[in-house]
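I opened the notebook to go through this one from the whole chain down to single residues. My plan was to look at helix packing and then at a few residues one by one.

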Amino acid sequence: MARRILSWLRWTLGIVVLLGILVQVYFFSHLYWLRDHNPNMTTFMDARLAKMREIKPDAKLGFVWVPYEKISDHLKRAILTSEDDKFVDHDGFDWEGIQKAIEKNEKRGKLVAGGSTISQQLSKNLFLSGERSFLRKGQEAMITVMMEGVLDKQRILEIYLNVIEWGDGIFGAEAASRHYFGISASQLSPSQAARLAAMVPRPRFYDRNRNSTYLAKRAEAILRRMPQANLP
């Protein structure tokens, strides 16, 4: 009986390990595909669209892919300044930023900062659900490591700028530029780029509250620091 149980446990463990490996192979192969293919949809975009269609069955996302060179350098600098100022130098993780986030959360007694890099945010948006768990964070870290190994920094930033949320159903730099300013992403001025970057943490909220005092102040702070940002 004991041998039978031990054999069953080994078999079950083997299946679990095999499935885990297959999942990682899937993520790796998809990341490799992204080297020269553009995503039409991300897991996060799909989830948002499903939510929108609960209210409006024929809802559609505002999403237009544009290549890296068609996105204003001002927006690239603004996003790096706002979201990940060590992007060109780190290996996918900002360890100093993570430590500061931990200290800030401990001080506040709740989760108020995450310390996630652009690579980590893109890993989550491309493949993972919005649930918060150690398992999801672990998978996010593994995808981030693979992403940094397979894609160069410019490609990571290009995909990120094209798929992040910028309003209610608005995804990517081109759709956001048209939605808020009526121009293409290549035409954004420094101040317009800074304002879009300031919206990233709460895009749907700021889409509804465009005259927010905090948003204006945050955009001004980003604008002042943008010249120091290094582009990949």
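Before listing anything as buried, I fixed the cut-off: a residue is buried when its relative accessible area is under 20%, exposed when over 50%, and partly exposed in between. I also noted that what I have here is a predicted model.

**Entry 1: the whole chain**

I looked up the secondary structure and got 11 helices and three strands for the protein chain. Reading from the N terminus, I wrote the order down as α-α-β-α-α-α-α-α-β-β-α-α-α-α. The chain has 232 residues, and 43% of them count as buried. I then looked up the exposed surface, which is about 13,500 Å², with 56% of it from carbon and sulfur atoms. For contacts between residues at least 6 apart in sequence, I found that 69% join residues at least 24 apart.

**Entry 2: helix H9**

Which residues of H9 are buried? I listed Ala 193, Ala 194, Leu 196, Ala 197, Ala 198 and Met 199. I jotted down a reminder that an α-helix has 3.6 residues a turn, so residues three or four places apart point the same way. Next I checked what the buried residues of H9 pack against, and the list came to H3, strand E2 (165-167), H8, helix H10 (203-208) and H11.

**Entry 3: H9 against H3**

I took H3 (residues 73-83) as the first partner to look up. The axes of H3 and H9 come within 8 Å and cross at roughly 40°. I noted the crossing of H3 past H9 as right-handed. On the H3 side, the contact uses His 74, Leu 75, Ala 78, Ile 79, Ser 82 and Glu 83, and these meet Pro 190, Ala 193, Ala 194, Leu 196 and Ala 197 of H9. Sorted by class, the contact of H3 with H9 has eight nonpolar residues, two polar and one charged.

**Entry 4: H9 against H11**

I moved on to H9 (residues 190-199) and H11 (residues 213-225), which pack at about 120° with axes 8 Å apart. That angle makes H9 oblique to H11. H9 passes H11 in a right-handed crossing. In H9 I found Pro 190, Ser 191, Ala 194, Arg 195, Ala 197, Ala 198 and Met 199 meeting Leu 215, Ala 216, Arg 218, Ala 219, Ile 222 and Leu 223 in H11. My tally for the contact of H9 with H11 reads 10 nonpolar, one polar and two charged.

**Entry 5: Ala 197 up close**

Ala 197 sits in H9, and I wanted its numbers. Why does Ala 197 count as buried? Its relative accessibility is 0%, so it falls in the buried class. Leaving out residues up to four places away in sequence, Ala 197 touches Ala 78, Ile 79, Ser 82, Glu 83, Trp 166 and Ile 222. I also checked Arg 77, which is 120 residues from Ala 197 in sequence but has its C-alpha 9.2 Å from that of Ala 197.

**Entry 6: His 74**

His 74 belongs to H3. I looked up its accessibility and got 31%, so I put His 74 down as partly exposed. With residues up to four places away in sequence left out, its contacts are Leu 188, Ser 189, Pro 190, Ala 193 and Met 226. The C-alpha atoms of His 74 and Ser 186 are 9.1 Å apart, with the two positions 112 residues apart along the chain.

**Entry 7: H8**

For H8 (residues 173-181), I listed the buried residues as Ala 173, Glu 174, Ala 175, Ala 176, Ser 177 and Tyr 180. Gly 182 follows H8, and I noted its positive phi, near 70°.

**Entry 8: H5 against H7**

I then looked up H5 (residues 118-127) and H7 (residues 153-163), which pack at about 55° with axes 10 Å apart. That makes H5 oblique to H7. The crossing of H5 past H7 is left-handed. Ile 118, Ser 119, Gln 121, Leu 122 and Leu 126 of H5 meet Ile 156, Leu 157, Ile 159, Tyr 160 and Val 163 of H7. I counted eight nonpolar, two polar and no charged residues in the contact of H5 with H7.

**Entry 9: Phe 28**

My last lookup was Phe 28, in helix H1 (residues 2-33). Phe 28 has 39% relative accessibility, so I entered it as partly exposed. Phe 28 touches Met 146 and Val 150, not counting residues up to four places away in sequence. Met 142 is 114 residues from Phe 28 in sequence, with 9.7 Å from C-alpha to C-alpha.

Notes. Residues are numbered from 1 along each chain as its sequence is written. This is a predicted model: local features need pLDDT of at least 70, side-chain atom pairs count only at pLDDT 80 or more; totals for chains, interfaces and linings use all residues. Side-chain values use heavy atoms; hydrogens and water are left out. Buried means under 20% relative accessible area, exposed over 50%, partly exposed in between (1.4 Å probe, protein chains only). Helices (H or I, at least four residues) and strands (E, at least two) are DSSP runs, numbered from the N terminus. Axes are lines fitted to C-alpha atoms, for helices over the stretch in contact, and angles run from 0 to 180 degrees between N-to-C directions. Angles under 35 degrees count as roughly parallel, over 145 as roughly antiparallel, 65 to 115 as roughly perpendicular and the rest as oblique. A crossing is left-handed if the near helix is turned anticlockwise from the far one by less than a right angle, and right-handed if clockwise. Contact means heavy atoms within 4.5 Å. Ala, Val, Leu, Ile, Met, Phe, Trp, Tyr, Cys and Pro count as nonpolar, Asp, Glu, Lys and Arg as charged, and the others, Gly among them, as polar. Accessible areas come from the Shrake-Rupley method with a 1.4 Å probe; for residues, only the protein chains shown count as cover.
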